Amino acid sequence: MDAVFVDLEQDIYDRHGIYALSAVLKKHGLSVGYLPVNKENAALRRLQEMRPKYILYSTYSSYFRKYARFDAKIKKNMDCFSVIGGPCITFNPNLLKDTTIDAGCMGEGETALPLLLTGNNKESRNIFLRKDPSPVEFDHFVDLDAMPFPDRDIIYSHDYVRRMNPSKTFISGRGCPFSCTYCFNHRYNKLFKNSGHVLRKKSVDYILEEIRLVRGKYPLKLVIFIDDTFILNKKWLFEFCERFPRELGVPYSCNIRANLMNEDVAKALSESGCVMVNWSIESGNDFFRNTVMKRNMTREQILNTAHLLNKYKINHRIGNVIGLPGEKLEQIFETLELNIAANPTLALANIFVPFPGLEMTRYAQENGYFSEIPEEKLPLNYFSKSVMNIPPDANETIQKIMCLFPVFSSVPAIYKSPNLKKIALGLPKPVLRLIYEIFYVAIFRSIYRMHGGICYTTVTGFRYLKSLIRSLLVE
């Protein structure tokens with residue numbers, strides 16, 4: 001075995017990084033495996049049996065230390081070379097210094113990884129060794145249409161839940177031109193400014209064939225596009241909306257942005273089978289939304305987008321961020337009230353996590369709202385307490401509002417009644433988290449059509465429950 005992708009994150013979501021890289025490595029004639037880790041000792045024994053030359057990890061900042069600890073155990077028993085990629089290393093290559101992980105991949109790996117595994121790593125500028133400086137220049141961005149179709153088989157052949165999920169995610173393009181301060185894209189665009197056009201779209205021919213191939217092998221009742229902004233390229237969008245229902249006819253969902261929406265776009269989405277969109281308000285307060293977060297969208301654009309989605313009967317889920325640096329309780333309620341006015345199918349709120357390198361993290365530090373802490377001590381999810389410099393009682397209130405946000409926005413009568421709101425906010429946090437999970441899962445399963453047989457529902461529910469328990473233990 002040339003290489004094995006090791007996956008410590010057992011959830012229900014697709015692993016697009018692994019799909020893309022596995023396809024490219026196999027195209028170069030390399031043998032590639034996948035190892036989901038449920039029990040570490042069993043996984044270590046399995047790796048010894050597989051005897052890979054390279055062990056590959058792909059993860060986010062919050063999980064980096066978990067992978068570093070696992071790699072240290074591997075190195076005590078095996079002679080192999082490990083490489084990690086993902087936002088954690090792309091934005092903080094110094095994380096490797098105190099680990100046993102041999103190398104990191106910054107940015108895209110489709111060019112870099114095959115060169116490394118075939119012994120030509122000196123030709124790639126995205127790979128750096130633990131003891132060497134990080135690259136000053138980077139590989140050119142790949143042409144998405146020149147890439148082989150993503151290799152889902154590498155995981156689906158091992159994973160019943162992902163294989164049988166009737167709602168599967170796809171990526172039709174890469175890149176985001178916007179500079180929201182709480183997102184990594186503004187830093188990514190600056191870091192890779194000399195690598196070519198960051199905004200790339202697979203051709204409509206390519207994405208339709210990719211979906212067709214998946215539908216031919218696996219259950220597929222809903223296509224979920226997870227591009228940052230699906231509607232950015234209008235020419236591409238209108239061609240897709242004309243061809244997709246005629247050639248595939250599967251319902252789909254996508255991500256949109258309020259300041260890109262108009263009547264023509266809403267109509268095209270509706271007529272092409274779009275049954276659900278995700279979009280974000282983030283903050284109902286103009287100062288936080290446009291000055292602190294740099295969303296650059298007006299209240300009128302937000303309400304017009306909501307009006308169009310409701311007019312064309314497209315379900316929509318709205319995302320928000322609370323616990324912002326310097327945010328007061330009344331400003332959080334402004335966000336909630338704007339969501340109520342938008343009348344979405346579902347509205348959620350995440351608690352801000354100040355990851356290193358984000359512009360909003362720097363804003364929080366410079367204004368005294370946040371004192372820097374080691375990255376490994378940052379919350380592992382967006383449900384945990386805020387790490388802003390706020391009193392404990394205010395912190396607990398933010399966590400309670402996070403749990404109640406979808407309930408208040410869907411049943412505004414509870415929020416608008418002073419007595420009911422007081423009772424709701426007075427409930428213990430574990431009770432509110434349980435209410436949140438029940439409410440969220442019920443609506444989520446409905447709008448994303450995650451309905452399978454008894455076996456699929458049971459296995460998926462069990463995995464989700466395990467993930468939830470781990471999350472609660474972390475909190």
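**Entry 1: aromatic pairs**

I counted the aromatic ring pairs in this predicted model, and the count comes to 27. I then looked up F230 and Y252, whose ring centres are 6.2 Å apart. Their planes stand at 50°, so I put the pair down as tilted; the tilted class takes in angles that are neither under 30 degrees nor over 60.

Next I checked where the two residues sit. F230 is in the loop between β10 (222–225) and α10 (234–247), and Y252 is in strand β11 (residues 252–255). The pair therefore ties together parts that are 22 residues apart in sequence.

I also looked up accessibility for both. F230 has 0% relative accessibility, so I entered F230 as buried. Y252 has 0% relative accessibility too, and I entered Y252 as buried because of that value. The cut-off for buried is under 20%.

**Entry 2: F408 and Y415**

I took F408 and Y415 as another pair. Their ring centres lie 5.6 Å apart with the planes at 55°, so this pair is tilted. I found both F408 and Y415 buried.

**Entry 3: a ring cluster**

Which residues do ring pairs link into a cluster? I listed F91, F138, F141, F184, Y188 and F192.

**Entry 4: charges over rings**

I looked for charged side chains over ring faces and noted two cases. R152 lies over the face of F170, and I read 4.3 Å to the ring centre. K421 lies over the face of F333, at 4.6 Å from the ring centre.

**Entry 5: strand β3 and its neighbours**

I turned to strand β3, which covers residues 54–58. Is this strand mostly covered or mostly open? I found it mostly covered, with 4 of its 5 residues buried.

I then went through its pairings. Strand β1 (residues 3–7) is joined to β3 by 3 bridges, and the two run parallel. For V4, I found the bridge partner in β3 to be I55. On β4, how many bridges join β3 to that strand? I noted 5, with β3 and β4 (residues 81–85) running parallel. The partner of L56 in β4 is V83.

Last, I followed the chain from β3 through helix α3 (residues 64–77) to β4. I recorded these three elements as a β-α-β unit, and its hand is right-handed.

Key
Residues numbered from 1 in each chain as written. Predicted model: local features only at pLDDT ≥ 70, side-chain atom pairs only at ≥ 80, totals over all residues. Heavy atoms only, no water. Buried < 20%, exposed > 50% of the residue type's maximum accessible area, 1.4 Å probe, protein only. Pairing = 2+ DSSP bridges. Right-handed = clockwise from strand over helix to strand, strands pointing away. Phe/Tyr/Trp six-rings, centres within 6.5 Å; stacked < 30°, edge-to-face > 60°. Lys NZ or Arg CZ within 6 Å of the ring centre and 35° of its normal.
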